[in-house]
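Me: Please take a close look at one part of the structure shown below, and then place that part in its wider setting. I am a first-year student, and I would be grateful for an explanation that goes step by step.

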Amino acid sequence: LPESGVPQLVEPMIWDYAADFNVESKVLLIEKYHRCGFSKVWFASAFKGATGVNQSLTLIGHHLKNHLQWLKVASNSPADVIQGIVLTGWQRYDHFSVLCELFPVGIPSLAVCLQALKNGGYSEKVKENVEKLLGMSNLEMDTFMR
């Protein structure tokens, strides 16, 4: 790869939407890309639309856990290699499926994930901030929002 010149033309993006992915394997992958000459690496997560083909409501806790895993990857990787994270929000689980988790039901999840990334983690204070921003009295993390 280094001799091909590709590392000077592109920045790889590592995708994973799981709530419990292996942090160490992602850190090793970043190190491998760096050794191959890629100076920057991106992460890709999801705040909605990546948990089931016919999902209609967003399970916030799943997506929050995913983002907390990415924060662990970032804290265990060289800071100058991490370019950023892309928060995806899928409308279809795959190209042959019906629409899932329309944007309005995903907004609380997006707010929680962004606040967790901004604050470097999740706490009761972060939860209270999101509830206040969205005008909600109780943000449900591990059940579906009513």
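**A close look at one helix and its surroundings**

Reply: K26 has a relative accessibility of 11%, and it therefore counts as buried. The cut-off behind this statement is that a residue is called buried when its relative accessible area is under 20%. Please keep in mind throughout that the model is predicted.

The next step is to ask what the side chain of K26 meets. It forms a salt bridge with the side chain of D16, at a distance of 2.8 Å from N to O. The pair links distant parts of the chain: K26 belongs to helix α1, whereas D16 sits in the loop between β1 and α1, and 10 residues separate the two. D16 counts as buried as well, because its relative accessibility is 15%.

Helix α1 covers residues 23-35, and V23 is among its members. With a relative accessibility of 15%, V23 lies under the 20% limit and so is classed as buried. Which residues does V23 touch, once its neighbours within four places in sequence are left aside? The answer is Q69, K72, V73 and N76. One of these contacts deserves a second look: V73 is 50 residues away from V23 in sequence, yet their C-alpha atoms are 5.6 Å apart in space.

N76 leads to another part of the chain. It is placed in the loop between α2, which spans residues 60-75, and β3. Apart from residues up to four places away in sequence, N76 touches V23 and V27. N76 is described as partly exposed because its relative accessibility is 48%, a value that lies between the limits of 20% and 50%. A separation in sequence does not by itself tell the reader the separation in space. For N76 and S137, which are 61 residues apart along the chain, the distance between C-alpha atoms is 35 Å.

It is useful to set the bridge of D16 and K26 beside its counterpart. The structure holds two salt bridges. The other partners are E131 and K127, whose side chains meet at 3.4 Å, N to O. Here both residues belong to helix α4 (residues 124-134) and stand four residues apart, which is about one turn of the helix. E131 and K127 are both buried.

What becomes of a buried charge that has no salt bridge? E101 offers an example: the nearest side chain of opposite charge is that of K48, 6.0 Å away. A salt bridge would require nitrogen and oxygen within 4 Å. The burial of E101 follows from its relative accessible area, which is 1% and therefore under the limit. E101 is found in the loop between β3 (82-89) and α3 (103-119). Beyond four places in sequence, its contacts include K48, G49, A50, T51, H63 and W90. The backbone of E101 is also worth noting, for its phi is positive, about 40°, although the residue is not a glycine. Most residues other than glycine have a negative phi.

The loop between β3 and α3 also contains Y93. With 42% relative accessibility, Y93 counts as partly exposed. Apart from residues up to four places away, Y93 touches G49, A50, T51, G52, V53 and C100. Its C-alpha atom is 9.8 Å from that of K48, which is 45 residues away along the chain.

These details may now be placed in the whole. The protein chain has four helices and three strands, and from the N terminus on they follow the order β-α-β-α-β-α-α. Of its 146 residues, 40% are buried. Among contacts with a separation of 6 or more, 75% join residues 24 or more positions apart; the pair V23 and V73, 50 residues apart, illustrates such a separation. Along the principal axes, the C-alpha atoms fill a box of roughly 55 × 40 × 25 Å.

The surface completes the picture. The accessible surface comes to about 8300 Å², and carbon and sulfur atoms account for 58% of it. L1, V6, L9 and V10 together make a nonpolar surface patch of about 370 Å², and L1 is located in the segment before β1 (13-15). As for charge, the chain carries 13 positive and 14 negative charges, and the mean positions of the two groups are 4 Å apart.

Key:
Residues numbered from 1 in each chain as written. Predicted model: local features only at pLDDT ≥ 70, side-chain atom pairs only at ≥ 80, totals over all residues. Heavy atoms only, no water. Patch = residues over 30% accessible without salt bridge, like charges linked within 9 Å, V, L, I, M, F, W, Y side chains within 5 Å. Areas by Shrake-Rupley, 256 points an atom, 1.4 Å probe, with all protein chains shown as cover. Buried < 20%, exposed > 50% of the residue type's maximum accessible area, 1.4 Å probe, protein only. Contact = heavy atoms within 4.5 Å. Lys, Arg positive; Asp, Glu negative; His and termini not counted. Charge placed at Lys NZ, Arg CZ, Asp CG, Glu CD.
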